[in-house]
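Student: I have a structure open beside its sequence, and I would like to learn how to read it one feature at a time. Could we begin with a single residue and then work outwards?

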Amino acid sequence: MRHISAFNKKAPPVLVTPNGAVNPRGTVDAPKGQFDLRPTVTRFQAMEATVDSREQRALEIADRFRIVESNGQFFVPSQKIANKKYAVRIGRASEFCNCPDFELRHTPCKHVLAVRLTIQRELNFDGTTTVTETVEVTKRTTYPQDWPAYNTAQTTEKDHFQMLLHDLCSGIQGPIQTNGRPRMSLAESAFCAAFKVYSGFSARRFMSDLREANERGYVEKVPHFNSVLNALENPS
Ligand SMILES: [Zn+2]
C-alpha cells in the first residue's frame with residue numbers, strides 16, 4: 001500500500017491506452033482511426049483494483065486451503081497450479097514468499113496475506129481463537145405512513161370500541177330480577193367492566209367515559225364507580 005500512495009502523490013493518474021501518443025495533458029490518446037473499446041482506467045485505479053483483489057484472493061486461499069507450517073515456513077497451495085505450493089516466511093519485521101508476485105514487488109502477496117489471516121484466525125496472543133464473520137445487515141423496511149387513515153383510526157377508535165362492545169354485551173342474558181333495589185343488568189355490567197379495562201383509567205377517572213357512554217345510549221344509567229369495581233371482581 002505504501003508505494004501506491006507515494007506513486008499517487010508524485011504523478012497524476014495516467015490514461016492507459018496501448019500504442020497511443022502522449023498529448024499535452026499528460027495523458028495518452030489512442031491513435032487516430034483506431035478506437036479502443038476497452039474500458040479506460042488510470043494506472044492508479046488498476047493498481048488499486050489489483051490490491052483489492054489480492055486481499056480478496058488471500059481470503060479465498062485462507063478459506064479454501066489448508067496452510068501447513070514446517071520449520072518456520074508456511075506452505076501455501078497455488079490457486080492456479082495444482083500441487084504447487086509457495087513457501088512463506090513471516091518475520092517480526094518482514095515477510096517473504098517465493099512466488100513471482102513477491103519477487104517482483106517485494107510487498108505482501110496474496111500468500112503472505114493468507115498466512116497472516118490464518119495465523120490471526122487460529123491463535124491470538126492470549127490463546128483464544130478469533131473468528132471473523134461477515135454479518136449481513138438487513139435493512140429495516142419502512143412503510144410510508146398514511147396519515148389521514150392513521151388519524152381517523154386513532155381519533156375514532158374509542159367510538160368504535162364502545163359500539164362493538166355494546167353489540168357484544170347486549171347478547172348477554174342475565175337472570176330476571178324480581179325483588180330488591182334495581183341492579184345493573186349483566187350485559188351492562190360486562191360492558192362497564194370491559195370498557196373500564198380498555199380505558200386504562202382508575203374507576204373514579206373512568207366515570208367521565210361512562211357518562212359519555214350513557215349519553216350515547218350504551219348504558220341506561222351511569223353506575224357508581226364501586227359498582228364497576230364490583231362487576232370486575234365478581235364475574236357472576
Ligand atoms: Zn506469494
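Tutor: Let us begin with Arg 57, and keep in mind that this is a predicted model. Burial is judged by counting neighbours, and a residue with 20 or more other C-beta atoms within 10 Å is called buried, while one with 12 or fewer is called exposed. Arg 57 has 16 C-beta neighbours inside 10 Å, and therefore counts as partly exposed.

Student: Where does Arg 57 sit, and which residues does Arg 57 touch beyond those up to four places away in sequence?

Tutor: Arg 57 belongs to helix α2, which covers residues 43-64, and, leaving aside residues up to four places away in sequence, Arg 57 touches Gln 79 and Lys 110. The C-alpha atoms of Arg 57 and Leu 113 are separated by 9.0 Å, although these two residues are 56 residues apart along the chain.

Student: Leu 113 is listed in helix α4, I think; which residues of α4 are buried?

Tutor: The buried residues of α4 are Lys 110, His 111, Val 112, Leu 113, Ala 114, Val 115 and Thr 118. The helix itself takes in residues 110-122, and its 13 residues reach 18 Å from the first C-alpha to the last, close to the 18 Å expected at 1.5 Å a residue.

Student: Which strands does α4 lie across?

Tutor: α4 lies across β4, β5 and β6, and runs at about 60° to β5. These strands belong to an open sheet of 4 strands in the order β3-β4-β5-β6, paired in the antiparallel sense. At the edges stand β3 (68-70) and β6 (95-97), and because each has a single partner strand, one side of each is left without a neighbour in the sheet. On average, and with direction ignored, neighbouring strands of this sheet are turned by 25° against each other.

Student: How should I follow the pairing of β4, β5 and β6 residue by residue?

Tutor: Take one pair of strands and look for the residues that face each other across it. Strand β4 (residues 73-77) pairs with strand β5 (residues 85-90) in the antiparallel sense over 4 bridges; within this pair, Phe 74 stands opposite Val 88, and Val 76 has Tyr 86 as its bridge partner. On the next pair, β5 and β6 are antiparallel over 3 bridges, with Val 88 opposite Cys 97 in β6. β5 and β6 form a hairpin, with 4 residues between them.

Student: Why does the span of α6 agree with what a helix should give?

Tutor: The 14 residues of α6 should span 20 Å at 1.5 Å a residue, and the end C-alpha atoms are 20 Å apart, so the two values agree. After α6 comes Gly 200, whose phi is positive, near 80°.

Student: What do the buried residues of α6 pack against, and how is α6 placed relative to α8?

Tutor: Those buried residues, among them Phe 191, Cys 192 and Phe 195, pack against α5 (147-169), α7 (207-215) and α8. For a pair of helices, one reads the approach of the axes together with the crossing angle. The axes of α6 (residues 186-199) and α8 (residues 225-233) come within 9 Å and cross at roughly 90°, and α6 and α8 are therefore roughly perpendicular to each other. In this contact, Ser 189, Cys 192, Ala 193 and Lys 196 of α6 meet Val 228, Ala 231 and Leu 232 of α8; by class, the contact has 5 nonpolar, 1 polar and 1 charged residues.

Note on methods:
Residues numbered from 1 in each chain as written. Predicted model: local features only at pLDDT ≥ 70, side-chain atom pairs only at ≥ 80, totals over all residues. Helix = DSSP H or I, 4+ residues; strand = E, 2+ residues; numbered from the N terminus. Expected span 1.5 Å × (residues − 1). Pairing = 2+ DSSP bridges. Axes fitted to C-alpha atoms, helices over the stretch in contact; angles between N-to-C directions. Contact = placed C-beta atoms within 7 Å. Parallel < 35°, antiparallel > 145°, perpendicular 65-115°, else oblique. Nonpolar A, V, L, I, M, F, W, Y, C, P; charged D, E, K, R; others polar.
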